[in-house]
Amino acid sequence: MNMTLINAKMVDAHCHLFSDAFDSDRDEVIKRAEDIGIARAFVMGEDPDENRRILEGSGKYPFVVPFAGYHPWKFEGHKETIREAEDVVSFIEENHADLAGIGEIGLDYFHAENEEPRALQKEVLNIFNC
Ligand SMILES: [Zn+2]
């Protein structure tokens with residue numbers, strides 16, 4: 001058997017530890033995850049506020065591997081969305097040394113039932129230069 005696999009660590013490859021849902025018990029959730037052998041969590045940001053909280057949190061919790069992004073389900077109106085997307089790109093540029101990567105961007109048509117929201121998603125993706 002491959003010894004590298006035996007010594008492999010488990011990670012949570014996508015979670016939202018800095019969503020409001022964990023404000024009351026984030027410390028306990030992280031402790032329970034570490035106690036069962038999860039070495040790290042790749043924590044995704046969905047909007048500017050969550051991106052900032054994750055980056056700050058990664059300084060407090062070595063368990064947290066921070067990713068920043070802007071999820072298409074978070075878009076609210078064209079003008080505000082474009083400004084926020086530009087803010088997220090600036091945030092990533094300013095903090096790239098402390099971020100592991102970009103997450104939660106892309107095209108997600110699950111709730112985009114016509115061309116208008118799909119066009120906005122494409123416009124935002126172009127701001128990310130993808
Ligand atoms: Zn997610």
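This note walks through a predicted model of one protein chain, with strand β3 at the centre of the discussion.

1. **Overall layout.** Start with the whole chain. The protein chain holds 5 helices and 4 strands. Along the sequence they follow the pattern α-β-α-β-α-β-α-β-α. The C-alpha atoms fill a box of roughly 50 × 35 × 30 Å along the principal axes.

2. **Burial and contacts overall.** The protein chain has 130 residues, and 26% of them count as buried. Now look at contacts with a separation of 6 or more. Of these, 67% link residues 24 or more positions apart.

3. **Strand β3.** Find residues 64-68 in the model. This is strand β3, and 5 of its 5 residues are buried. Which residues sit on each side? V64, P66 and A68 are on one side. V65 and F67 are on the other. Both faces of β3 are covered.

4. **The partner β2.** Strand β2 covers residues 38-44. It pairs with β3 in the parallel sense, over 4 bridges. To see the pairing, look for M44, which stands opposite F67 in β3. Between the two strands the chain passes through helix α3, residues 48-60. This β-α-β crossover is right-handed.

5. **The partner β4.** Strand β4 is made of residues 101-102. It runs parallel to β3, and 2 bridges join them. F67 appears again here: it stands opposite G101 in β4. The route from β3 to β4 goes through helix α4, residues 78-95. This crossover, too, is a right-handed β-α-β unit.

6. **The nonpolar core.** How many residues does the largest nonpolar core have? It has 20. A41, V43 and V64 have the most contacts inside it. Four elements, β2, α3, β3 and α4, give two or more residues each. The strand β3 gives the most, with 4 residues.

7. **V64 up close.** V64 deserves a separate look. Which residues does V64 contact, leaving aside neighbours within four places in sequence? They are L17, A41, V43, I54, G57 and S58. Two of these names have come up already: A41 and V43 are, with V64, the residues with the most contacts inside the largest core.

8. **Points to take away.** Keep β3 in view when you turn the model. β3 is buried on both faces. It pairs in parallel with β2 and runs parallel to β4. It also gives the most residues to the largest nonpolar core.

Note on methods
Residues are numbered from 1 along each chain as its sequence is written. This is a predicted model: local features need pLDDT of at least 70, side-chain atom pairs count only at pLDDT 80 or more; totals for chains, interfaces and linings use all residues. A residue is buried if 20 or more other C-beta atoms lie within 10 Å of its own, exposed if 12 or fewer, and partly exposed in between; C-beta atoms are placed from the backbone. Two strands pair if DSSP finds at least two bridges between them. A crossover is right-handed if, with the strands pointing away from the viewer, the path from the first strand over the helix to the second runs clockwise. A nonpolar core is a set of buried Ala, Val, Leu, Ile, Met, Phe, Trp, Tyr and Cys residues joined through C-beta atoms within 7 Å. Two residues are in contact if their C-beta atoms, placed from the backbone, lie within 7 Å.
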